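Opened the notebook to go through this model element by element. Jotting things down in the order I looked them up.

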Amino acid sequence: MDNLRILFSGYGHWKITTTHYGKEIYCITTNSRAVDDAKDGKKSAINSLRREVIEINKKYHSSN
């Protein structure tokens with residue numbers, strides 16, 4: 001998976017890590033369908049998970 005790492009972090013939860021503009025960012029997701037599809041190499045699922053990580057980090061950093 002290009003620029004996406006998925007680690008199991010608990011029952012029904014995965015830590016999704018990616019690099020965005022040279023900075024490593026992550027979030028926790030419960031989107032099991034996208035995780036399974038990404039592990040199977042589906043580009044749309046990989047892009048969806050990357051977008052989720054980026055958007056969550058944008059929200060977090062814009063509120064601080």
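**Arginine 33.** I started with arginine 33, which sits in helix H1. Worth saying at once: this is a predicted model. I checked the accessibility of arginine 33 and got a relative accessible area of 65%, so it goes down as exposed, the cut-off being over 50%. Then I looked for a reference point further along the chain and picked serine 48, which is 15 residues away from arginine 33. The C-alpha atoms of the two are 11 Å apart.

**The sheet.** Next I traced the strands. Three of them make an open sheet, ordered E1-E2-E3, with antiparallel pairing. E1 and E3 are the edge strands, as each of them pairs on one side only. I also noted the twist: neighbouring strands are turned by 25° against each other on average, ignoring direction. Reminder to self: strands of a sheet pair through backbone hydrogen bonds, parallel or antiparallel.

**E1 with E2.** I counted six bridges joining E1 to E2. Which residue does isoleucine 6 face in E2? It stands opposite isoleucine 16. Leucine 4 has its bridge partner in E2 as well, namely threonine 18. The two strands form a hairpin with two residues between them, and glycine 12 in that turn has a positive phi of about 75°.

**E2 with E3.** Here I found seven bridges, and again the strands run antiparallel. Tryptophan 14 stands opposite threonine 29 in E3, and histidine 20 is across from lysine 23 in E3. This hairpin also has two residues between its strands.

**Tyrosine 21.** I stopped at this one, in the loop between E2 and E3. Its phi is positive, about 50°, although tyrosine 21 is not a glycine. For context, most residues other than glycine have a negative phi. Is tyrosine 21 buried or exposed? It comes out at 80% relative accessibility, and since anything over 50% is called exposed, that is what I wrote down.

**Aromatic pair.** I searched for ring pairs and the count came to one. The partners are phenylalanine 8 and tryptophan 14: ring centres 6.3 Å apart and planes at 75°, so I logged the pair as edge-to-face. The cut-off that decides this is planes over 60 degrees apart. I then checked how each partner sits. Phenylalanine 8 is exposed, with 60% relative accessible area. Tryptophan 14 has 11% relative accessibility and counts as buried, because the limit is under 20%.

**Helices over the sheet.** H1 lies across E1, E2 and E3, and I got an angle of about 60° between H1 and E2. H2 lies across E1, E2 and E3 too, running at about 100° to E3.

**Length of H2.** I wanted a sanity check on this helix, which covers residues 43-63. What span should its 21 residues give at 1.5 Å a residue? The expected span is 1.5 Å times one less than the number of residues, so for H2 that is 30 Å, and the end C-alpha atoms are indeed 30 Å apart. The two agree.

**Buried side of H2.** I listed the buried residues of H2: Ala45, Ile46, Leu49, Val53, Ile54 and Asn57. What covers them? Strands E1 (4-10), E2 (13-20) and E3 (23-29) are included, along with helix H1 (32-39).

**The core.** Last, I looked up the largest nonpolar core, which has 14 residues. Those with the most contacts inside it are Leu4, Ile6, Ile16, Val35, Ala38 and Leu49. E1, E2, E3, H1 and H2 are the elements that each give two or more residues to this core. Which element gives the largest share? That is H2, with five residues. Cross-referencing my own entries: Leu49 is on the buried list for H2 and also among the core residues with the most contacts. Ile6 and Ile16, which I had noted as standing opposite each other, are on that contact list too.

How values were computed:
Residues are numbered from 1 along each chain as its sequence is written. This is a predicted model: local features need pLDDT of at least 70, side-chain atom pairs count only at pLDDT 80 or more; totals for chains, interfaces and linings use all residues. Side-chain values use heavy atoms; hydrogens and water are left out. Helices (H or I, at least four residues) and strands (E, at least two) are DSSP runs, numbered from the N terminus. Buried means under 20% relative accessible area, exposed over 50%, partly exposed in between (1.4 Å probe, protein chains only). Contact means heavy atoms within 4.5 Å. Two strands pair if DSSP finds at least two bridges between them. Axes are lines fitted to C-alpha atoms, for helices over the stretch in contact, and angles run from 0 to 180 degrees between N-to-C directions. A nonpolar core is a set of buried Ala, Val, Leu, Ile, Met, Phe, Trp, Tyr and Cys residues joined through side-chain atoms within 4.5 Å. Rings of Phe, Tyr and Trp (its six-membered ring) pair if their centres lie within 6.5 Å; planes under 30 degrees apart count as stacked, over 60 as edge-to-face and the rest as tilted.
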